[in-house]
Amino acid sequence: MDADEIIIKCNDIYEDFGQSYIKKWKTEKSGRRAIGYTPIYVPQEIFYAMDILPVGVFGGGDLIDIVVGDSYFQSYICHIARSIVDMGHSGILDQLDGMIFPFVCDVMRNMSSFWNTIFPDKYSYLFDQPQNFIKGIGGEYYKGIISEIVKDLGGNKLDKNKLIESMMLYGENRNLVRKLYEERSKRPWDIPITEAYLLLRAGSVMDVKEHNEMLKEYIDKIGQLNRQPEDNVRVVLWGAFCEQPPLSLLKVIEQSGCYVVADDFALALRQLENNIDVDEVTRDPVGYLVNSYLDHGINTPCRFEGDRNKLKDLVGIIRSTNAEGVVFAAPSFCDPALEEQPCYKEELDKKDIKHISFLYSEDTSQFSNIREQLGTFTDSIKIWG
Amino acid sequence: MSYYMGIDLGSTTCKVVIIDENKEIVSKGITNTRSDYTVATRFAEQEAIIMARFYFLENALRENILKSPGIQVDIEKVLLLLESSFRLCDYKEKVLEMGEVSKSLTKKDGSKVSGILEDIFNSIYKEANQVITNLSFNKGVFFRDLISSSFTKYLREIKDFEAVDKIVGYFDKSLLQIENKFNEIDFVHTTLGTLNMDNLDNSVNYDDSIINLIKNSIEDAGNYNFNIENKVGTGYGRQRLPFPKDQIQSEILCHGMGAHQMFPKTRTVLDIGGQDTKAIRIDKNGVVTSFTMNDRCAAGCGRFLGYIADELNIGLQDLGPLALEAKKNVKISSTCTVFAGVELRDRLSLGERRSDILAGLHKAIVRRAVSLIARAGGVENEFTFTGGVARNVSVDKNLREIIASRYGDVVINISPDSIYVGSLGAAMYAKVG
Amino acid sequence: MGKETPNKIDPVVTKDWGMVAQKKLMSTYYNQVMHAKEEGKKVVYTFIPGNLVELVNNFDLVSVYPELLGLQMGLRQSAEKYLNLGEKEGYADELCSYLKASVGMAAIDNMGPQGYKIPEPDFLLLIYSNCFTFLKWWEILRRRYKCPIIEIHLPYNGNAGGINKESLKYGVKQLKEVVIPKLEEITGKKFDIDKLKDSLRNSAEAEEDYYHVINSAKNTPSPIDAALNGIYYVGPINSALRGTPQVVEYYKILRKDIEKRVIRGEGPVTPFGQANDQKYRLVLEGPIPWMVPESFYKILYDEKAVIVGATYIKVGGSYDLGWFHDPSRPLESLCEQVTNCYANHGIKTRTEIMEKHIRDFHADGILFHSIKSCKSYITGQLVMVKELERKLNMPSAFFESDMMDARFYSEANVKNRIESYLRMIDQKRTMGEAT
């Protein structure tokens with residue numbers, strides 16, 4: 001497939017929320033199931049090793065009209081929760097045999113506790129990810145969670161070899177995604193943000209084996225379309241790790257003069273930063289998975305900072321990608337994003353790094369304000385560097 | 001025969017309904033709510049009483065015609081003529097009075113401003129006949145709307161920009177004074193008086209015997225001993241009504257009872273008012289079993305539509321019909337009043353058509369309302385839609401579509417009198433005592 | 001949570017023994033805070049929903065609770081000032097009012113709502129449970145005050161049925177291997193398990209008396225208003241004073257006082273008089289709006305409505321449900337109590353708790369107060385409304401405001417909703433429930 005065809009395939013999966021893909025995948029081998037997960041991080045490798053397709057459920061975006069979803073949430077609650085409930089009601093999530101909800105914030109946390117009340121026939125689980133990063137404590141706790149999930153999903157023991165294979169595949173996937181980001185940082189004009197984004201979204205639905213092939217193919221073909229560099233400013237996009245911006249907003253960001261060279265689109269494909277150590281994985285795959293999270297899980301607002309320094313780490317990302325500024329884009333009512341922003345901004349001010357911020361919701365359709373703001377922002381960087 | 005009055009003092013309009021002891025609606029009155037709630041109530045009450053007099057006039061005409069076998073009269077036509085003449089008379093009086101008020105306000109200002117205003121009021125007075133059409137008052141268009149639209153027309157012709165601001169200011173001030181000054185209207189005196197003026201329809205020529213019959217009927221109607229046994233007030237402003245506590249009722253209960261009275265099989269009521277939206281469940285007796293009100297964010301209520309109408313510089317009553325002309329589906333994501341103006345202007349500047357944008361807005365409002373109903377437990381057959389916004393044809397259309405798609409075959413009751421449901425319910429409570 | 005005297009209430013006429021004595025008792029705590037630095041005590045910032053009071057007191061520390069300060073700010077009408085300061089620091093409109101107010105206070109050199117400087121923390125104790133915002137808030141405070149932080153994670157009790165085995169093991173391990181050693185390091189004192197057990201013994205005794213106080217609402221008339229009086233009565237047991245003999249004494253006497261009221265058939269003491277005539281018995285989900293407690297309460301009082309059951313008083317621990325500390329299993333019990341705080345329960349459990357109150361206390365109606373600041377509290381309330389209506393055939397009144405921010409409180413709006421709801425109850429009573 002050439003690059004365009006790849007993106008079209010990704011777009012089809014995105015617009016259909018993967019329903020046709022999941023249906024087909026399940027029929028290809030008996031005993032296959034699919035489980036949905038919400039942002040930010042779940043141990044996908046475990047599911048895959050049990051022949052369960054982990055499918056990212058990141059909200060309805062601007063693709064659906066919500067009616068029922070709104071009746072479950074009053075004012076001051078974000079949009080993604082509403083659209084996910086609506087998708088459950090309207091049948092979009094019917095291909096999924098259950099849902100895993102990581103503890104990303106109180107809204108999702110509470111929703112996980114009443115998911116069974118509204119959908120009593122479906123499996124649901126709150127993944128209260130460890131906030132202690134000592135192997136003997138948080139690590140043991142995380143292992144306990146994994147055992148619980150495995151038991152719930154009908155396997156009393158994980159097939160070690162399948163798990164090793166699964167972890168190798170996901171490790172490769174993370175490497176390929178990293179490569180994609182590296183390439184985009186080097187030559188952002190060759191990889192429009194919407195294309196990179198759609199590749200990630202498709203990856204949160206597809207079989208990881210297939211996605212790896214797709215990424216390799218796409219990366220191979222970068223530059224073949226001879227896109228020309230624009231006079232755009234290099235920015236880091238920060239805050240869109242849960243409720244997702246609509247594609248049209250991403251386009252607006254680029255059209256307003258920004259090359260997004262780094263972002264925190266979590267989408268569960270980038271959560272672990274280490275390269276797979278083949279020996280360690282083979283010896284103790286579960287332990288390795290757990291330790292990778294504890295030691296190399298990326299910073300997110302939903303992870304206790306502990307001994308790290310998130311502000312320094314963000315500055316590190318800015319420096320390493322030669323970004324000229326930060327665009328804080330947060331969903332309205334998003335506690336994790338909005339509670340972190342002021343500290344980040346303060347740090348950037350100290351380091352004289354320009355930044356701008358705006359709010360969006362997953363179905364935002366009017367962009368004139370944002371366009372205006374971003375235009376001014378990029379101009380000011382270009383003029384006053 | 002005993003009569004009972006219900007008053008629904010809403011945030012945008014004040015509605016009054018009078019029923020008789022058989023629970024039949026005798027008359028309805030509506031006016032725009034103004035800053036002085038007591039005055040607003042009095043205006044609306046007077047309106048209902050005047051309309052009651054017209055109701056009795058119809059009865060009187062029938063009776064008198066029966067007693068005079070030789071006389072042939074088209075009662076409908078006569079009533080229409082009398083009512084429109086009455087309205088015209090009332091309108092012209094108000095215009096004159098407003099002209100006087102503005103004259104005294106502009107006294108200290110230059111003769112130029114005063115002169116321009118006087119000319120404008122004269123022009124408005126002269127074209128009063130054309131402005132008052134037969135059914136305008138039933139469509140909920142008030143004095144304020146009529147005179148403002150005439151005024152705007154003449155305002156555009158003024159070349160002197162400095163004067164324009166001042167003139168608008170004086171106009172607004174005098175309008176406020178007129179609106180908040182209650183004038184008692186004598187039904188008999190005014191209606192008899194209209195028989196002497198140019199009738200709206202010159203094609204009809206009535207001979208003396210008919211005129212006498214009409215005069216007698218008017219006097220009969222005016223003299224009829226029409227006593228309001230009990231009044232009950234409800235609505236947003238009900239706390240401000242000078243009524244004792246037992247004559248004030250919850251608007252939720254009034255809407256439930258009123259919907260039940262109008263459509264006895266109602267089980268679900270949706271009321272979109274000026275400031276809030278309510279979903280009410282009632283049982284077969286009209287007793288409220290539960291209700292839900294909209295979130296803090298009052299998006300999608302009547303006020304919002306008013307704001308949109310202002311932005312587009314069109315009348316509130318024109319929003320629905322314009323939205324029905326839509327050819328394209330423009331998706332509006334929020335009905336937030338704060339951002340509506342921005343979103344609207346944004347879209348217009350992108351070349352979207354007004355009708356398409358309005359269609360999107362109406363859809364969004366209805367989605368929010370149906371979401372509230374879902375929160376209240378969904379739609380139980382039959383479904384009755386009440387409140388001022390029920391007059392909007394685009395809202396109605398969208399509501400019918402969404403409910404059909406989500407709840408199947410449900411009987412949806414939307415009446416042109418939907419705005420009176422609250423006051424009807426209050427009148428019912430007045431009867432119960 | 002503790003509560004200072006609202007300024008406008010006449011102390012002689014409108015307070016009962018429990019409220020007056022509570023003020024005296026709590027003032028001993030506030031004195032500790034005020035004089036901590038002078039007395040050379042180390043200060044720790046921590047919170048009430050999910051607290052380890054007895055453990056902290058083992059190390060002779062002075063605890064400061066920023067959310068309690070937020071409540072004080074609301075009651076003392078200085079909330080707006082602190083919130084504005086917090087918003088100036090960049091914290092958005094829609095975020096937790098307590099967080100904003102706390103950042104606001106730090107911006108003015110920690111000048112507190114009671115008119116004295118709140119001592120800065122020597123360290124922070126982040127007991128991560130009940131609420132996501134705590135995680136961010138304590139990270140923010142660490143940067144503000146540049147001090148160390150001890151963190152313990154106690155997972156969500158999403159499934160009905162209390163804390164699960166894995167989570168309990170995890171919690172106890174963290175206490176043993178992280179929290180206690182770090183407390184020893186910071187304070188230079190050794191952990192004393194016997195002292196802890198003694199405190200827990202006192203706590204359990206006080207909790208049992210408190211249980212009887214709150215459950216006295218099953219009487220007709222109810223001798224207490226679970227929200228208005230409740231917030232006073234729960235103060236000592238939710239504060240740093242829990243585990244002390246003075247608190248044991250307080251609840252012993254309080255219980256007897258309430259029992260006397262039951263015998264005399266007396267209702268609760270309110271700012272407007274004794275509410276003996278109770279036409280409507282209501283269960284309240286959510287707090288009273290702290291910035292306008294009297295004007296809110298007047299709405300209820302004028303209607304002869306009494307709150308017989310309240311969920312907000314369980315935010316620091318669900319003692320009134322019979323879940324007491326257990327000195328025989330000190331570390332396990334501490335972990336369990338943290339995860340038993342109201343906001344750490346799933347929606348199913350919260351619905352069951354409300355159901356229990358409605359039945360036990362013979363409630364006529366339910367009030368939901370959705371506070372815009374607190375997503376942990378409010379998310380899922382609409383599901384609770386639906387479930388309660390389905391199970392008990394009892395609809396709820398629902399209103400939105402905030403616990404601290406007066407900009408979100410509209411008296412007309414709240415009054416309209418509550419009055420309409422009570423009129424609906426009246427109508428049902430007179431016309432009977434029809435099918």
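The following exchange concerns chains B and C of a predicted model.

Reader: What makes strand β4 of chain C largely enclosed by the rest of the structure?

Author: Buried means under 20% relative accessible area, and five of the five residues of β4(C), residues 149–153, are buried, so the strand counts as largely enclosed by the rest of the structure. I149(C), E151(C) and H153(C) point one way from the strand while I150(C) and I152(C) point the other way, and all are buried.

Reader: Why do the side chains alternate in this manner?

Author: In a regular strand, side chains alternate between the two faces of the sheet.

Reader: How do you know that β3 and β4 of chain C pair?

Author: Two strands pair if at least two bridges are found between them, and five bridges join β3(C), residues 123–128, to β4(C), the two running parallel; one bridge partner in β4(C) is I149(C), which faces L124(C) in that role. Between these strands the chain passes through helix α6(C), residues 133–145, in a β-α-β crossover that is right-handed.

Reader: Turning to chain B, how many helices and strands does its secondary structure comprise, and why is the chain called as compact as a globular protein of its length?

Author: Chain B has 15 helices and nine strands. Its radius of gyration is 23 Å, and the globule rule gives 22 Å for 433 residues; the two values are close, so chain B is as compact as a globular protein of that length.

Reader: What percentage of the residues of chain B count as buried?

Author: With the cut-off for buried set at under 20% relative accessible area, 58% of the 433 residues of chain B count as buried.

Terms used: Residues numbered from 1 in each chain as written. Chains lettered and ligands numbered in written order. Predicted model: local features only at pLDDT ≥ 70, side-chain atom pairs only at ≥ 80, totals over all residues. Heavy atoms only, no water. Buried < 20%, exposed > 50% of the residue type's maximum accessible area, 1.4 Å probe, protein only. Helix = DSSP H or I, 4+ residues; strand = E, 2+ residues; numbered from the N terminus. Right-handed = clockwise from strand over helix to strand, strands pointing away. Rg over C-alpha atoms; globule rule 2.2 N^0.38 Å.
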